[in-house]
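Q: I have a protein model open and I would like to learn how to read it. Could you walk me through some of its features, one step at a time?

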Amino acid sequence: MHLSPKPYTMMLSLFLGLFMACSSPSEQNSEIELSPSDSEKMEAFSGKTEQATFAGGCFWCVEAPFENVDGVITVISGYAGGKEKNPTYGEVSSGKTSHRESVQITYDPEVISYSELVDIFWQTYDPTDVGGSFYDRGSQYESAIFYMDSEQKKVAEESKKRLDESGRFDKPIATPIIKFTSFYPAEEYHQDYYKKNPTDYYSYRKGSGRDDFIKKHWPELSAKEYPAKSKSELKSELTELQWEVTMEDATEYAFQNEYNGNKEEGIYVCIVSGAPLFSSSDKYESGSGWPSFTKPIDPRVLDKPVDNTLGMMRVEVRSKFGNSHLGHVFYDGPAPTGLRYCMNSAAMKFIPKSEMEAEGYGDYLWTVEDK
C-alpha cells in the first residue's frame, strides 16, 4: 500500500492511488517518537490504560479514524500476529513475514470501552473481504481482531455475530478473531501518515475504493448531516428545562424525568442536532434515577471533556454536533463495557422503533434488538 519514493505531481499521485497500495521511501525500522499531542496525553494521563489491536488492510486508513476520539490516548501503526521479530515494512509488505499491517490503540477504559472501539473498527474497512483489503492483496493485508484477554474475545465475538446478522453486508463477516501474540511499531514515517502526507493519503483512500465502500454501507455522521440550530432558534423551541440542561449544563431531577423508566424499543437522539446517540438495546436500569446506557451508538458523535465542577473530577458527555451537555460517564457500569452513560432526558428525544424509518433513522434499525 505504498507510493513511489521519488517526487511526483499531484496528478501522478492521484493516478498511482488507483493502482498501488500505501508506500514509503524507506524500509529501515526506526525508534518511534510520539507526536507532541500524543506525548502530552501520555504525560497527563495517570490512570488505568488498556490496549486494542486491529488489522484492516492499509494501517494508515485504520489509524486515522481512531485519532481524536476522546478516551483514545495513542494510535500506533505497526505489524501484529507474526512470528518474526522486529520486522521491517519491506519484509511485511512483500509478504515475507506472517505479520499483518495493524494498529495498536492505547485507551482509557474509564472514558471509552473496548466494545466502542470494536464498533468503530467495523466501519473502517471491508470486513467481508477474504485474502486482503481492497487493492492490497495477500495475508499481510488481511483483517483481524487480536484479542488481549477472554473479555475482549467475548466482546469481539458477540459484536461480530451481531453485525453478521444485521444484514448490512451481502457476504458473511470474514474477519477472524485471533489471540494477540506480538506487535511491532512500524517505521516513524508511517505514524500519523494522514497528517504528514494528506494528498497521498486521501487519494489512496479514494482510489482503493475504501471510501466508496464505507459510504455505501454506513450512514454519514457529520455536522453537515446533523447541523445544530442557532441559539435563538433553540431558545424559542426548547423548553426551559431543555435549554438549561443542554446550553447551561444543568442536571434534571433524578427519577423525575421523561426517559428514566422508558422500556420501549427505539433510539435516543440529540435534541439539538438530531444526531443518533443511544439505542434502547444498550439501556439498562442503573437505579440512579436517570436514563443509563452501557455505550453510545457511535462514540465519535460524543465529546468527553473533564468536568471539575462541584469539587470533583468527572467525565462530561457532550453532543459533538449539538455542542450541548448530555450528562456524564462513570466507570461503574455492567459488563461488557464497565461504563454507565448517565444522561439527562431533557437533552434527548426518543424515536420509537416503529417510527425510525419515517423519521429518517432507518439505517439504525439494526442497532435496536428485540428484547
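A: Gladly! Let's start with a helix lying on strands. Helix α5 lies across β1 (50-55), β2, β3 (100-107) and β6 (144-147), and runs at about 20 degrees to β1. Keep in mind that this is a predicted model.

Q: Which strands does α6 lie across?

A: Helix α6 lies across β1, β3, β6 and β7, and its direction makes an angle of about 150 degrees with β6.

Q: How do I describe two helices that pack together?

A: The general idea is that two packed helices are described by the angle between their axes and the distance between the axes. Here, the axes of α5 (residues 114-122) and α6 (residues 150-164) come within 10 Å and cross at roughly 40 degrees. The two helices are therefore oblique to each other. Their crossing is right-handed.

Q: Which residues of α5 and α6 meet?

A: On the α5 side you will find Y114, S115, V118, D119 and W122; on the α6 side, Q152, V155, A156, S159, K160 and L163. Sorted by character, the residues of this contact are 6 nonpolar, 3 polar and 2 charged.

Q: Now the strands, please. How do I read a sheet?

A: In general, strands of a sheet pair through backbone hydrogen bonds, either parallel or antiparallel. In this structure, 6 strands form an open sheet with mixed pairing, in the order β7-β6-β1-β3-β2-β8. At the edges stand β7 (177-179) and β8 (183-185), each with a single partner strand, so one side of each has no neighbour in the sheet. From one strand to the next, the twist averages 35 degrees.

Q: How many bridges join β2 and β8?

A: Strand β2 (residues 72-80) pairs with β8 over 3 bridges, in the antiparallel sense. To see one of the partners, look at Y79, which is bridged to Y184 in β8.

Q: Is there another strand pair I can practise on?

A: Try β9 (residues 266-270) and β18, an antiparallel pair with 5 bridges. Within this pair, I267 has I351 of β18 as its bridge partner. Strand β18 (residues 348-352) is also mostly covered, with 4 of its 5 residues buried.

Q: What if I want to read a single residue, such as E91?

A: Ask where the residue sits, how exposed it is and what it touches. E91 belongs to helix α4 (residues 89-93). Its relative accessible area is 34%, so E91 is partly exposed. Leaving out residues up to four places away in sequence, E91 touches N86, K96 and T97. You can also compare sequence and space: E91 and Q140 are 49 residues apart along the chain, and their C-alpha atoms are separated by 9.9 Å.

Q: Where is L221 placed, and which residues does L221 touch?

A: L221 is in the loop between α9 (210-217) and α10 (231-237). With a relative accessible area of 24%, L221 is partly exposed. Beyond residues up to four places away in sequence, L221 touches Y226, P276, D298, V301, F321 and Y364. L221 and R300, 79 residues apart in sequence, are 8.4 Å apart from C-alpha to C-alpha.

Q: How do I step back to the whole chain?

A: Begin with the inventory: the chain has 11 helices and 18 strands. Buried residues are 54% of its 371 residues. Finally, of the contacts in the chain with a separation of 6 or more, 72% are between residues 24 or more positions apart.

Definitions and conventions: Residues are numbered from 1 along each chain as its sequence is written. This is a predicted model: local features need pLDDT of at least 70, side-chain atom pairs count only at pLDDT 80 or more; totals for chains, interfaces and linings use all residues. Side-chain values use heavy atoms; hydrogens and water are left out. Axes are lines fitted to C-alpha atoms, for helices over the stretch in contact, and angles run from 0 to 180 degrees between N-to-C directions. Angles under 35 degrees count as roughly parallel, over 145 as roughly antiparallel, 65 to 115 as roughly perpendicular and the rest as oblique. A crossing is left-handed if the near helix is turned anticlockwise from the far one by less than a right angle, and right-handed if clockwise. Contact means heavy atoms within 4.5 Å. Ala, Val, Leu, Ile, Met, Phe, Trp, Tyr, Cys and Pro count as nonpolar, Asp, Glu, Lys and Arg as charged, and the others, Gly among them, as polar. Buried means under 20% relative accessible area, exposed over 50%, partly exposed in between (1.4 Å probe, protein chains only). Two strands pair if DSSP finds at least two bridges between them.
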